[in-house]
Amino acid sequence: MKVLVDIRLMFVRKMKETLRNPIYILSSLLTPILYLALFAPLLKNLIPNTTNVLNVFVPGLLVIIAFLGGLFVGYNMIDEVRNGVVERFRVTPTSRFALLAGRVLRDMVNILVIVTVFVLISLPFGFRPDLGGFFVFVPLLCMMIITTSSFGNALGLILRDEDRLSPIVQGINLPVLLLSGMLLPMELAPTWLQVIAHFNPAYYVVEAGRLLVAGHITDIKVGEAYLFMVPLTILVVTWATRAFRNAIA
Amino acid sequence: MTENVVSTVDLKKYFTSRKGVVKAVDGVNLSVAAGQVFGFLGPNGAGKTTTLRMLNTLLVPDSGQALVAGFDVLKDPGAVRCRIGYVGQSGGSDRPATGREDLVLQGRLYGMSKAEASSRAAELIDLLDLTDFADRIVYTYSGGQRRRLDVALGIMHRPQVLFLDEPTTGLDPQNRANLWKQIGKLKATGTTIFLTTHYLEEADILSDYLAIMDYGHIVAEGTPQQLKRQVSLDTIRVTLGDPAQNPAAAQVLEGLKVVKSSVLEQDCLRISVDNGEAALPQVMKALDGKDIAISNISLSTASLDDVFLEKTGRSLRDTEAEGGDR
Ligand SMILES: Nc1ncnc2c1ncn2[C@@H]1O[C@H](COP(=O)(O)OP(=O)(O)OP(=O)(O)O)[C@@H](O)[C@H]1O
Ligand SMILES: [Mg+2]
């Protein structure tokens, strides 16, 4: 299939870029490690009724990694638009979906590597995930990456200008993080804040992540997270593919 | 009859921005015969790139029709894409890859096998003189080296029609001449080449056929010779040793059959003639015969700039000097 061949070609192209500059992966680990080392200890006294603080905190950090890792890819996209690379590929018979998918897959691989390394680092700090639950959590993280990376890439392609991209991604970044309960559980929040949080995909993934890591695979909230993320991923990917088809880039 | 590889009917593209509507391409009709180098000349913002983008399926026209390599760009963009090559104004080479990797990728995207793509890449690296830097990361290339790689990428799959958007902008004279040579070689293989430029000399030297664009319209077209003959005459400028003899000289010259008109410009007589090279000796002989001493004489043959001036009332050199977009 031509689409699959194209996806592979575009994925390998972007992957080579990462392998040439692996420092990116290391630098993405810095923020979550600082949270782990300097913020997690504060939680011990805040949430007294949990036996394992890191089982609450690490899933949130993993969602941050997945969310941010995808959201900011638009800048790289703008670079490529400016250098005519995107235009060049769009003149070839390459599948438009492959142009997007190759990039998104690369981002997914990158971020999953970061997630893995981070989980390994968290183990000596006391992170004890339920293995089965964790593997049900990973697809949620992947959908999060696919959604934000598709969104970030398409946004870069449409806006073609850092000055227009920045306010949008920054404007999304903070509210989504604050309303996800990544740092502190949303149960601590007043009702109105909890209501707003229910419109936030990251909130569902964080909630589900905490339950899954604790081994509650059949909890209704896990189902909710999947119910929210699957359609959202399809919607965003469809929209982003359309952007690749129509862009003037 | 020659077959047309590119033809458009009343092609239009308007852009709406906050400042109003820009009629980037406003009713363009073109026919490009197979195997020729078709030059597309015009100042900044004339609509050259926009036209090219509609022809290579990047941009959907507002109205009008375009056939490229036998297929409608709107109805069958996939078939058009397989048959064309495009080198955009801003290049297209992937910065973090090596030139060779990028060439191989390009071939693979057009469906070549790995081995095919590698050997074609090697061939082009040789042809376009990329050997010294083909295995370096493109970030490290000079502007001219990158431009050559861009061109190699465009012809990797041996396209039937090659679109080149300002291929020589930013090249030094040596590399420009080299690229001109490559374009000639490519033409010899039967490739039709559609190139835009705002260099008058380039349009003149390279094109078999030329269209001049301004404000979204084609203002003139023909072979460079036809265009030059059509609009303007050659000019001879004569400065006399003794300016007092100017009226007498004018009288003598206007008596010559080859001279169409003469004007006194400051201290210099400007004479319009049909064929400058033939007229020059006659002018000198006639003045000599009347013992009128010449201190300086020069001939300028009609240029494409004269064509542009005649059709638009502006000089292309001036619009170039202004530099910016309109
Ligand atoms: N996407 C766009 N949105 C709005 N205006 C545009 C867009 N693309 C082009 N234009 C405008 O259309 C006009 C024609 O632009 P075009 O790029 O086709 O010119 P050009 O002849 O290629 O010029 P140059 O020699 O500078 O490359 C310009 O006024 C330009 O500003
Ligand atoms: Mg242009």
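These exercises work through the ligand shell, a pocket, the cavities and the domains of a predicted model.

**Exercise 1. Describe the surroundings of ligand 1.**

Step 1. Start with the shell. It holds 14 residues, and Asn44(B), Gly45(B), Lys48(B), Thr49(B) and Thr50(B) come nearest.

Step 2. Look for polar contacts, with N or O pairs within 3.5 Å. A backbone N or O atom of Gly45(B) lies 2.8 Å from an oxygen atom of ligand 1. For Lys48(B), a polar side-chain atom lies 2.8 Å from a ligand oxygen. For Thr50(B), a side-chain N or O atom is 2.5 Å from an oxygen atom of the ligand.

Step 3. Turn to cover. On its own, ligand 1 has 640 Å² of accessible area, and the protein covers 77% of it.

Step 4. Assign the shell to elements. Strand E2 (20-33) and helix H1 (48-55) of chain B each give two or more residues. H1(B) gives the most, with three.

Step 5. Sort by residue class. The shell has five nonpolar, seven polar and two charged residues.

**Exercise 2. Characterise the second largest pocket and its lining.**

Step 1. Take the volume: about 730 Å³.

Step 2. Find the centre. Of 33 lining residues, Tyr24(A), Val73(A), Asn76(A), Arg106(A) and Asn110(A) lie nearest to it.

Step 3. Trace the lining to elements. Helices H1 (2-20), H2 (23-46), H3 (53-71), H4 (74-82) and H6 (96-125) of chain A each supply at least two residues. H2(A) has the largest share, six residues.

Step 4. Sort the lining. It divides into 16 nonpolar, nine polar and eight charged residues.

**Exercise 3. Contrast the linings of the two cavities of 30 Å³ or more.**

Step 1. Take the largest cavity, of about 60 Å³. Its lining draws on chains A and B, including Glu87(A), Arg88(A), Tyr86(B) and Asp150(B). Helix H5 (85-91) of chain A, strand E6 (84-87) of chain B and helix H5 (143-155) of chain B give two or more residues each. H5(B) gives the most, with three.

Step 2. Take the second largest cavity, of about 50 Å³. Its lining residues are Met10(A), Arg13(A), Met77(A), Val86(A), Phe89(A), Leu99(A), Arg103(A) and Phe244(A). H1, H5 and H6 of chain A give two or more each.

Step 3. Set the classes side by side. The largest cavity has three nonpolar, five polar and three charged lining residues. The second largest has six nonpolar, no polar and two charged.

**Exercise 4. State how chain B is divided into domains.**

Step 1. Read the bounds. Domain 1 is 4-83 + 159-228, and domain 2 is 233-300.

Step 2. Give the separation. The C-alpha centres of domain 1 and domain 2 of chain B lie 41 Å apart.

How values were computed:
Residues numbered from 1 in each chain as written. Chains lettered and ligands numbered in written order. Predicted model: local features only at pLDDT ≥ 70, side-chain atom pairs only at ≥ 80, totals over all residues. Heavy atoms only, no water. Near = heavy atom within 4 Å. Polar contact = N/O pair within 3.5 Å; in protein donor to acceptor, adjacent residues only side chain to side chain. Areas by Shrake-Rupley, 256 points an atom, 1.4 Å probe, with all protein chains shown as cover. Helix = DSSP H or I, 4+ residues; strand = E, 2+ residues; numbered from the N terminus. Nonpolar A, V, L, I, M, F, W, Y, C, P; charged D, E, K, R; others polar. 1 Å grid on protein atoms, 1.4 Å probe; cavity = no way out; pocket = protein on both sides within 12 Å on 5 of 7 lines; lining within 4 Å. Points joined across faces, edges and corners; volume = space filled by probe spheres on them. Domains from an automatic or database assignment.
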